[in-house]
Structures are given as structure tokens and as C-alpha cells.
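Q: I am new to this structure and would like to learn where its descriptive words come from. Please show it to me, and explain each label by its rule.

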Amino acid sequence: MSDDDDFMQDSDQEQYDFEYEDDDEQETGDVDVENKYYNAKQMKVDNPEEAITEFLGLPALEQEKGDWGFKGLKQAIKLEFKLGQYDKAVEHYRELLTYVKSAVTRNYSEKSINNMLDFIEKGSDDQRAYKCMEQFYSQTLDSFQSTNNERLWLKTNIKLARLWLDRKEYTHLVRKVRELHKACQKEDGTDDPSKGTYSLEVYALEIQMYADTRNNKRLKALYQRALKVRSAVPHPKIMGIIRESGGKMHMSEENWKEAQIDFFESFRNYDEAGSLQRIQVLKYLVLTTMLMGSDINPFDSQETKPYKNDPRISAMTDLVDAYQRNDIHRYESILQNNKDVLEDPFIAENIDEVTRSMRTKAVLKLIAPYTRFTLAFIAKQLKISEAEVQDILGFLIVDKKLKGKIDQSEGSVEIESSPDAERTQAMQEWTSAIRSLWKTVLNEAEGFKADDSSVMLGGTAAAGFPSAHIDFEGLKQHGGRGPNGWSKSRGGQKRSSGRAQVGGVK
């Protein structure tokens, strides 16, 4: 607990009672203890060992366990842990917990213990420190379970579960999560609305575990269940964790749109909580925008605009700008000059898809004026390997975005001319249509079906034309022309002097 916290807590606990008789000895004793405490605090930086001795001497100066002894033990434990004296820290922490039952108020003790555990958690950077932290958690759980302080018992267990998650000890974590879920339920097995906030924290831990182990099936079920919890007022950081994991889940399924929504919500929650993770999630949001092929700049929104010129995000800002301009050379240059972008495993795993999309568009743009080129030419222009060029061209041909053939022996590619191919296809369709029409007219049209007397041309006489009868014998004798030939009338129609005969039918 910080000095300011101590001061504020002292103010909260101060009683303004009227006392008409003062106990001079008691007052003098309290002043001595208080002076000793603040003198020890002044020695913390320059002489921590002597400060520890002074702090540990405070409990002996009190006739009964009180606030100053509690504060002295807190300061001593923090210094011992910081100096690596883990066994002494555990021993004195056990003594500190004896003050919780009666010496200090419940709220003050709960807040102090929480702050103590947070301090220990942040300072644990080696195996011995982790072992010490486990002992702290174990002693805390035993102490508060015996005092029926369920709220602190839940908080401490959640902290312990977070420790197992950080250390990737999933076997311990699964058991602890199962225990916590049970503690957040009623006797009939349904969720307890009064513990909805704790329940969401447990869901967040479990979701992170399944995200790390890539168990998308369990992750998806838990994610949907967590979003349906309505009885809680969760800390925004918890919702940020849940939404971030959901975004990663959608990314693995290549559901870019849902991933973008989740990452934006995660960023908004982290930003509200003041968490530094908001910068990393904003990078994920930019990455998702590129994977979607969207032309909308992710920094146009009110929430993200203040971070557009943030140096921590500048590389991703430049990347999305190059992507939207289809500038492959600038895109590659940004990746080469900002290696730290790929230090995040999630970005490194998904940026390849964006890079491939950029190179595919660059290949199509480069080969547009050519009908024949070599793989080496494309590889040199884009500064990539010939194998990758062949892979991209093969994908384009199979996907029917490009019509051509790859000659692997010569390392060349021949592209079919688009105008010629379209013209040939049009001619084929035209020929097919004429053939279909010819068959329909000759075989199925009623105008060519002869009856006993005569056959009307087209089935009925056309307006302005006399009836025309077909002389099949004449067709045979004159090779398709009428016996009297054709003559022109003033209207331009061809008529014979006798009966009209149809020629040219094959």
C-alpha cells in the first residue's frame, strides 16, 4: 500500500470524539510508535536493512495489536521481498494475517492484502519469487476462508489462477477455474447474479487459456456464454480481454468482419481502463482492416484518431496507407525497417496473408501490358523469389483471374490476349445461336409444314404480302430458285410472275 493510501486510510479511520480526560502515557506511546514508523520510512531507500529492523520493532511497542504494527509489518514484508529475502517475507506475512481478524477493519485489511498480493505479483521475476508468491496465496486463502471472507477468497483465487495462466500451468488452472465456477453458482447449479463480476473474470481466464492452446471449439462456446452475462458490471479491462480473445478466434476462422468488430470493442475497453494493451489491440485492428481489403482508414473513428500519430503505432499507420495505395515497394520497405512489428507472434502469423495479397495485386498490375514474360523478370521487379512468383501466378490461373500457361522448363509465362479470347468466345456464341435458330426454323416452325392444299409463309400471310405457296418440285428442279426466277417490285420485294416460290432453303 502506498504512503498516500496509508495517509488516506488513516484519515478515514480517524474518530472525532470529545475526550475530556487525556491519557498522557497512551498518547506518548502512540507518538513514539508513529515517529518510529516515519523514521523507518525515511531509511527505506538509503538503508533498507535498517529500515526493516525498525519496521519489525513496531509491533512490540504496542500493548495490543493495532494499526501501526500492521503498517510496520507491511513495509517490512515489501522490503524483504524486494531484497530477495523470501523466507523472512513469508514468515512475517503469516504474522500480518493475524491482524486481519480483529486489529484492523475488514475493508482496510482487505484492501491492504489485495495491494500486497499485487505488489508481490508484479515483483515476481524468477522461480524463487514465484514459489514465495504461491505461499502468500496459500496462506491468504487459509486465513480468509476461516474468517468467511468470501469476497477476498474469490479475489485471491482469481489472482492465483492468473498466476497459473502466466506460467502456462494449465493443469492447475483447469482445477482452479472449475473450483471458481462452482463458487460463483447457487446450490441448484445456476449462476449467482450477485457474483456476476467474478464469474466474468473467471470466463476471461478460461478464454485466454483456450486461446493459448488454440482450442477454438471450447473458446467459441465460452466466448458466447461470457457475452450473455448481464448481471455484472465488469471492469473494462476484463471485457477488453474477452473481446481481444474473440477477435483472435474470428481471425483464425478468417472471419475478418467479426474480428474487426471485436478488436474495436476490445480497444475501446482497454482505452477506458487505461491499459497499455490498447496499443497492441489497435495494431490488430489495423491488421484486420487490411485483411478485409477495406478502403476505410481505421484511424478515422473518434476513438482511434488520437493515436494516429502515436510513435508506437506509426509503423502500422504507414502500412495501412501503403496497402490502400497498392504501393508494394513502400509496404515492403516499412516491414524491413520496422522489425519490431513482427515481434508480436499474432501479427507475424497473419501479416503474411496481407503481404501475399499485396504481391498478388502487384503481379497483376505489372504483367498487364505483356503477353509473354519470364518469372525472373517479375521476381526482379518485386524483389521476391521466382518460386513465389510461380506460386502467385499458379493461384491466379487456377482461380481464373488470369488466362495463361507457365512453362517451368524455360521459366516463362504466356498470357492469352484478352481481346482475342473475348472475340473468339463471342463468335462461338454467335455461331451456336445461329445454328440453334436454323434448326428451330427448319424442323419446328409451322410455316414449313405442308398441308394438302397450301402452306402459308410463317403460318399466316404477312401484312402487305400475298400468300406464298411452296413448290417443292420446283425447288428440286431449279436448285432452290423458282422456275420463272425472281423479279423486283416497286416495294423492293421479290416476286415471280406466276406463283411465288421460295429458294435458297437448304
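A: Happy to! Let's start with a pair of helices: Arg151, Leu154, Lys155, Ile158, Ala161, Arg162 and Leu165 in helix 9 meet Tyr198, Glu201, Val202, Leu205, Gln208, Met209 and Asp212 in helix 11. Contact here asks for heavy atoms within 4.5 Å. This is a predicted model, in which local features need pLDDT of at least 70 and side-chain atom pairs count only at pLDDT 80 or more, while totals for chains, interfaces and linings use all residues. Residues are numbered from 1 along each chain as its sequence is written, and side-chain values use heavy atoms, with hydrogens and water left out.

Q: What makes helix 9 and helix 11 roughly parallel?
A: Helix 9 (residues 150–166) and helix 11 (residues 196–212) pack at an angle of about 10°, with their axes 11 Å apart. Axes are lines fitted to C-alpha atoms, for helices over the stretch in contact, and angles between N-to-C directions run from 0 to 180 degrees. The classes are roughly parallel under 35 degrees, roughly antiparallel over 145, roughly perpendicular from 65 to 115, and oblique for the rest. The two helices therefore count as roughly parallel to each other.

Q: Why is helix 18 called oblique to helix 19?
A: Helix 18 (residues 345–367) and helix 19 (residues 375–382) pack at about 120°, and their axes are 11 Å apart. That angle makes helix 18 oblique to helix 19. The crossing of helix 18 past helix 19 is right-handed: the near helix is turned clockwise from the far one by less than a right angle, whereas anticlockwise would be left-handed. Where they touch, Arg359, Ala362, Val363, Leu366 and Ile367 of helix 18 meet Phe377, Ile378, Gln381 and Leu382 of helix 19.

Q: Why is leucine 366 called partly exposed?
A: Buried means under 20% relative accessible area, exposed means over 50%, and partly exposed is in between (1.4 Å probe, protein chains only). Leucine 366 has 21%, so the label is partly exposed. This residue lies in helix 18 and, leaving aside neighbours within four places in sequence, is in contact with Phe377, Ile378, Gln381 and Leu382. The C-alpha atoms of leucine 366 and leucine 382 are separated by 9.2 Å, with their positions 16 residues apart along the chain.

Q: How do you know that threonine 289 is buried?
A: Its relative accessibility is 1%, so threonine 289 counts as buried. Threonine 289 sits in helix 15 (residues 277–292). Residues up to four places away in sequence aside, threonine 289 touches Gln260, Ser294, Ile296 and Pro298.

Q: And what makes phenylalanine 136 a buried residue?
A: Phenylalanine 136 has a relative accessible area of 0%, so it is buried. Its place is in helix 8 (residues 127–146). Not counting residues up to four places away in sequence, phenylalanine 136 touches Ile77, Ala89, Val90, Tyr93, Met116, Leu117 and Ile120. Its C-alpha atom is 7.6 Å from that of leucine 117, 19 residues away along the chain.

Q: How do you know that the buried residues of helix 3 line one face?
A: Pro48, Ala51, Ile52 and Phe55 are buried in helix 3 (residues 48–56). Seen down the helix 3 axis, the buried residues fall within an arc of 105°, so they line one face of the helix. The arc is taken from the directions from the helix axis to the C-beta atoms.

Q: Why are strand 1 and strand 2 said to stand at the edges of the sheet?
A: Three strands form an open, antiparallel sheet in the order 1-3-2. Strand 1 (372–374) and strand 2 each have a single partner strand, so one side of each is left without a neighbour in the sheet. Neighbouring strands here are turned by 15° against each other on average, direction ignored.

Q: What makes strand 2 and strand 3 a pair?
A: Strands pair if DSSP finds at least two bridges between them. Four bridges join strand 2 (residues 404–407) to strand 3 (residues 412–415), which run antiparallel. One bridge partner is serine 412 in strand 3, matched with aspartate 407.

Q: How many helices and strands does the protein chain have?
A: The protein chain has 22 helices and five strands. These are DSSP runs numbered from the N terminus: helices are H or I with at least four residues, strands E with at least two.
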